[in-house]
Amino acid sequence: MSSSCRRPEHTAPPEVFYNEDEAKKYSQNSRMIEIQTQMSERAVELLNLPEGQPCFLLDVGCGSGLSGDYLSEEGHYWVGVDISTAMLDVALDREVEGDLLLGDMGQGMPFRPGTFDGCVSISALQWLCNADKRTHSPPKRLYTFFSTLYSCLSRGSRAVFQLYPENSEQLELITTQAMKAGFGGGMVVDYPNSSKAKKFFLCLFAGFTGALPKGLGSETSDRTNRNQVQFSGQRCRFKNMKGKSLKKGRDWILEKKERRRRQGRDVRADTKYTGRQRRPHF
């Protein structure tokens, strides 16, 4: 987490940095779209939403609506907030299904108490740690954001933020202000031993205390080689695989059970009978 002068938040304020040229990248760059989709998928996974039930979610720093596309794909309804008019214009051109709102997250979330079933945010939270104006105080802006977010979330819900922290002090600042606002939870780190695949997710609980999900690639050294392959950073989505559908097969069941374990749920241990096909009964 060493600092770098190439970090976007050191270049200009977000409403200036994300201009028309930068916004177009988020709708034309296939690599960028893929990364945003993968991080959105992981964030929704950490939300631990009720299975098969559509929810009303808040997307903070929604940008051009790439994360919102995944929310819609999963059958959820959402509202996106972003400070960049250029990014929101791209989202409108793309005809995203969510509602869009121009706003500065550092000034708080202007929604009624208990409005949302959860919140996701991809690559936005670290911007609040910079003072772009003389009147900006990062601790105060973070607290204002977290306290108003806590209010507009339903009790028992979660908020998941994927972020790029500059250093450990910045992480401490963010988590401290979140806890002051009433949240529980903590940081989930995926692939902690990989410099490229390492990702930080701040997983916050609103109104309850729960077990923090485990990060991907954080298995202990006594795992088998089959499980250690997860350090590659590639996460397979079975519904996008070509050929015969693997749904309800052994691999599909094992992947679903592993996903539930990462969410902190109680799951039965895998055995040789897991996913076994039963003989037909007459």
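Helices and strands here are DSSP runs, numbered from the N terminus; a helix has at least four residues and a strand at least two. With those labels in hand, let's walk through this predicted model.

**Stop 1: a charged patch.** Select Glu95 to begin. You will find Glu95 in the loop between α5 and β3 (99-102). Glu95 counts as exposed because its relative accessibility is 66%, and exposed means over 50%. Now add Glu20, Asp21, Asp89 and Asp93 to your selection: together with Glu95, they gather in a patch of negative charge on the surface. Two elements, α2 (20-28) and α5 (85-93), each give two or more residues to this negative patch.

**Stop 2: the inside.** Next, select Leu58, Leu125, Phe145, Phe146, Leu149, Phe161 and Phe183. The largest nonpolar core has 30 residues, and these are the ones that touch the most other members. Try colouring some of the elements that give two or more residues to this core, including β1 (56-60), β4 (116-122), α6 (138-152) and β5 (153-163). Helix α6 gives the most, with six residues.

**Stop 3: two positive phi angles.** Go to Asn48, in the loop between α3 (30-47) and β1. Asn48 is not a glycine, yet its phi is positive, at about 55°. Then jump to Ser123, in the loop between β4 and α6. Ser123 is also a residue other than glycine with a positive phi, near 60°.

Before you leave, which of the words buried, partly exposed or exposed fits Ser123? Ser123 has a relative accessible area of 17%, so it is buried, the cut-off being under 20%. Asn48, with 23%, is partly exposed.

Technical notes:
Residues numbered from 1 in each chain as written. Predicted model: local features only at pLDDT ≥ 70, side-chain atom pairs only at ≥ 80, totals over all residues. Heavy atoms only, no water. Patch = residues over 30% accessible without salt bridge, like charges linked within 9 Å, V, L, I, M, F, W, Y side chains within 5 Å. Areas by Shrake-Rupley, 256 points an atom, 1.4 Å probe, with all protein chains shown as cover. Salt bridge = Lys/Arg side-chain N within 4 Å of Asp/Glu carboxyl O. Lys, Arg positive; Asp, Glu negative; His and termini not counted. Charge placed at Lys NZ, Arg CZ, Asp CG, Glu CD. Buried < 20%, exposed > 50% of the residue type's maximum accessible area, 1.4 Å probe, protein only. Core = buried A, V, L, I, M, F, W, Y, C linked by side-chain atoms within 4.5 Å.
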